[in-house]
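Work through the exercises below with the sequence and the coordinates open. Each task is followed by a solution in steps.

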Amino acid sequence: MLERICQHEISSSWFQRRLLPWWQIYSRKSGGYWLVLTVSSIAMLTAFPAASILTRLYYQDGGKRRWLISWVAVAGWPLTALALLPFYTVKGISPTPLNWQLWLSYAVLGFLSGADNLMFSWAYSYLPASTASLLSASSLTFTAIFAFLLVHKKLNAFAFNAVGIITAATVILALDSSSDRPAGVSKKDYVVGFILDIGGSALHGLIFALSELIFIKFLGRDSIHLVLEQQTIVSFFGCIFTTIGVIISGDFSVLKSESRGFRHGPVSYYMVLIWATITFQLGVLGGVAVLYQTSTLLAGVLNAARVPVTSIAAVIFLQDPMGGFKILALLLTIWGFGSYIYGGFMEAQNHQRSATVTSSQDNRFSDRTFDGQEKLETMPA
């Protein structure tokens with residue numbers, strides 16, 4: 001009985017220290033807030049996996065154009081631009097003035113984004129969607145490393161643990177590479193896809209770190225409309241880069257002939273491309289909305305959740321093989337994401353407590369100063 005009471009007191013104390021502040025904040029939110037958050041979370045949790053499944057479906061059913069798929073990933077940038085209109089028209093926010101440094105920074109990010117999409121496009125042409133999705137989870141490792149090197153973000157023990165676990169999951173997938181190679185893909189092509197997926201993940205992590213560095217150096221603050229502006233301009237430059245690649249490679253000129261050879265016909269071919277374009281941008285918009293409606297914590301949880309969602313969807317819709325090694329890699333990936341998210345949660349709590357302590361100390365100092373002044377003013381001359 002005494003042990004139960006102690007456990008209850010410990011759990012209650014943990015709730016009050018860790019979860020109660022969050023509950024007090026979000027319990028006061030309106031119904032409209034929760035509606036937007038729910039829609040955004042569903043978009044983030046389903047759009048990215050859908051884009052991955054559609055990309056692999058394109059190659060599985062007869063598509064062969066890598067530049068085309070990399071172009072599809074950014075061709076929906078006008079959807080993000082449309083999301084900016086309410087900020088300009090309803091809220092009266094003016095577009096951020098861009099100097100040459102910001103233009104150059106966004107152009108570089110756009111080029112890197114286009115190259116990143118091209119690497120993932122090649123990877124998905126050789127790898128099952130479930131394997132490609134698990135490998136892309138290594139972007140968390142590279143994000144943590146580049147954030148440490150470029151933005152000087154400290155890595156706590158949970159982040160180090162996550163990096164080690166996700167790296168182990170990648171190694172396990174490499175050791176089991178022969179069991180899920182798609183039909184018609186040689187061992188050499190599979191290795192190329194594996195390497196390109198990891199390279200794309202590394203580039204993805206670099207893009208995240210550079211984006212944060214741009215906010216720190218040139219913008220000085222971040223808000224949802226600034227992030228949408230950055231995403232729109234970066235995707236625009238990425239679209240220019242990939243459009244040049246598509247024209248040079250001749251991908252646009254073979255759309256009609258490739259659609260005829262598609263397994264389910266031309267209509268299915270164009271629907272796959274159109275919906276892939278839409279879902280890529282819906283995932284981006286959902287991620288931005290979740291991030292600024294709540295925090296990086298929930299965005300990280302949903303980002304972690306989409307890895308198993310993509311893997312399970314690939315098994316159901318594309319009949320991807322799911323052997324024991326891949327299941328183990330999936331579990332390790334979820335564990336790694338969980339460790340990283342929990343570390344971020346603990347860091348946020350510690351930062352909140354430090355801010356509270358600092359604020360209370362400042363208040364006590366102000367009270368003492370005021371009392372001292374009052375005493376001096378009431379003393380006889």
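The exercises go from the chain as a whole to helix packing, nonpolar cores, aromatic pairs and single residues. The model is a predicted one.

**Exercise 1. Overall make-up**

Task: State how many helices and strands the protein chain has, and what share of its residues is buried.

Solution. Step 1: the protein chain has 14 helices and 0 strands. Step 2: of its 381 residues, 42% are buried. Step 3: among contacts with a separation of 6 or more, 86% join residues 24 or more positions apart.

**Exercise 2. Packing of H6 and H9**

Task: Describe how the axes of helix H6 and helix H9 cross, and list the residues that make the contact.

Solution. Step 1: two packed helices are described by the angle between their axes and the distance between the axes. Step 2: the axes of H6 (residues 129–136) and H9 (residues 187–219) come within 8 Å and cross at roughly 35 degrees. Step 3: the crossing of H6 and H9 is right-handed. Step 4: H6 contributes Thr131, Ala132, Leu135 and Ser136 to the contact, and H9 contributes Tyr190, Phe194, Asp197, Ile198 and Ser201. Step 5: sorted by type, the residues of this contact are 5 nonpolar, 3 polar and 1 charged.

**Exercise 3. Nonpolar cores**

Task: Find which residues of the largest nonpolar core touch the most other members, and give the contacts of Tyr269 beyond its sequence neighbours.

Solution. Step 1: the largest nonpolar core has 42 residues, and Tyr58, Tyr269 and Leu273 touch the most other members. Step 2: with neighbours within four places in sequence set aside, Tyr269 is in contact with Tyr58, Leu68, Leu255, Glu258, Ser259 and Phe262. Step 3: there is also a second, separate core of 19 residues, including Leu84, Leu228, Ile233 and Val234. Step 4: Tyr269 also belongs to a cluster linked by ring pairs, together with Tyr58, Tyr59, Phe262 and Tyr270.

**Exercise 4. Two aromatic pairs**

Task: Classify the ring pair of Trp67 and Phe241 and that of Trp122 and Tyr126, and locate the partners in the helices.

Solution. Step 1: the count comes to 11 aromatic pairs. Step 2: the ring centres of Trp67 and Phe241 are 5.6 Å apart and the planes stand at 65 degrees; planes over 60 degrees apart count as edge-to-face, so this pair is edge-to-face. Step 3: Trp67 lies in helix H3 (residues 66–75) and Phe241 in helix H10 (residues 224–249), so the pair ties together parts 174 residues apart in sequence. Step 4: Trp67 is partly exposed, at 22% relative accessible area, and Phe241 is partly exposed at 22% as well.

Step 5: the ring centres of Trp122 and Tyr126 are 6.2 Å apart with planes at 55 degrees, so the pair is tilted. Step 6: Trp122 and Tyr126 are 4 residues apart in helix H5 (residues 100–126), which puts about one helical turn between them. Step 7: Trp122 is partly exposed at 32%, whereas Tyr126 is buried at 11%.

**Exercise 5. Buried residues and their distant partners**

Task: For Phe87, Ser125 and Ser311, name the contacts made beyond four places in sequence.

Solution. Step 1: Phe87 lies in helix H4 (residues 77–89) and is buried, with a relative accessible area of 12%. Its contacts are Gly92, Ile93, Ile224, His225 and Leu228. The C-alpha atoms of Phe87 and His225 are separated by 6.9 Å, although the two residues are 138 residues apart along the chain.

Step 2: Ser125, in helix H5, is buried at 10%. Its contacts are Arg56, Tyr59, Arg66 and Val185. The C-alpha atoms of Ser125 and Thr55, 70 residues apart along the chain, are separated by 8.3 Å.

Step 3: Ser311 is in helix H13 (residues 296–318) and is buried, with 0% relative accessibility. Its contacts are Ser130, Leu134, Met322 and Leu330.

**Exercise 6. A positive phi**

Task: State where Gln319 lies, and whether it is buried or exposed.

Solution. Step 1: most residues other than glycine have a negative phi. Step 2: Gln319 is not a glycine, yet it has a positive phi of about 55 degrees. Step 3: Gln319 lies in the loop between H13 and helix H14 (324–378). Step 4: the relative accessible area of Gln319 is 58%, and the cut-off for exposed is over 50%, so Gln319 is exposed.

Note on methods: Residues are numbered from 1 along each chain as its sequence is written. This is a predicted model: local features need pLDDT of at least 70, side-chain atom pairs count only at pLDDT 80 or more; totals for chains, interfaces and linings use all residues. Side-chain values use heavy atoms; hydrogens and water are left out. Axes are lines fitted to C-alpha atoms, for helices over the stretch in contact, and angles run from 0 to 180 degrees between N-to-C directions. Helices (H or I, at least four residues) and strands (E, at least two) are DSSP runs, numbered from the N terminus. A crossing is left-handed if the near helix is turned anticlockwise from the far one by less than a right angle, and right-handed if clockwise. Contact means heavy atoms within 4.5 Å. Ala, Val, Leu, Ile, Met, Phe, Trp, Tyr, Cys and Pro count as nonpolar, Asp, Glu, Lys and Arg as charged, and the others, Gly among them, as polar. A nonpolar core is a set of buried Ala, Val, Leu, Ile, Met, Phe, Trp, Tyr and Cys residues joined through side-chain atoms within 4.5 Å. Buried means under 20% relative accessible area, exposed over 50%, partly exposed in between (1.4 Å probe, protein chains only). Rings of Phe, Tyr and Trp (its six-membered ring) pair if their centres lie within 6.5 Å; planes under 30 degrees apart count as stacked, over 60 as edge-to-face and the rest as tilted.
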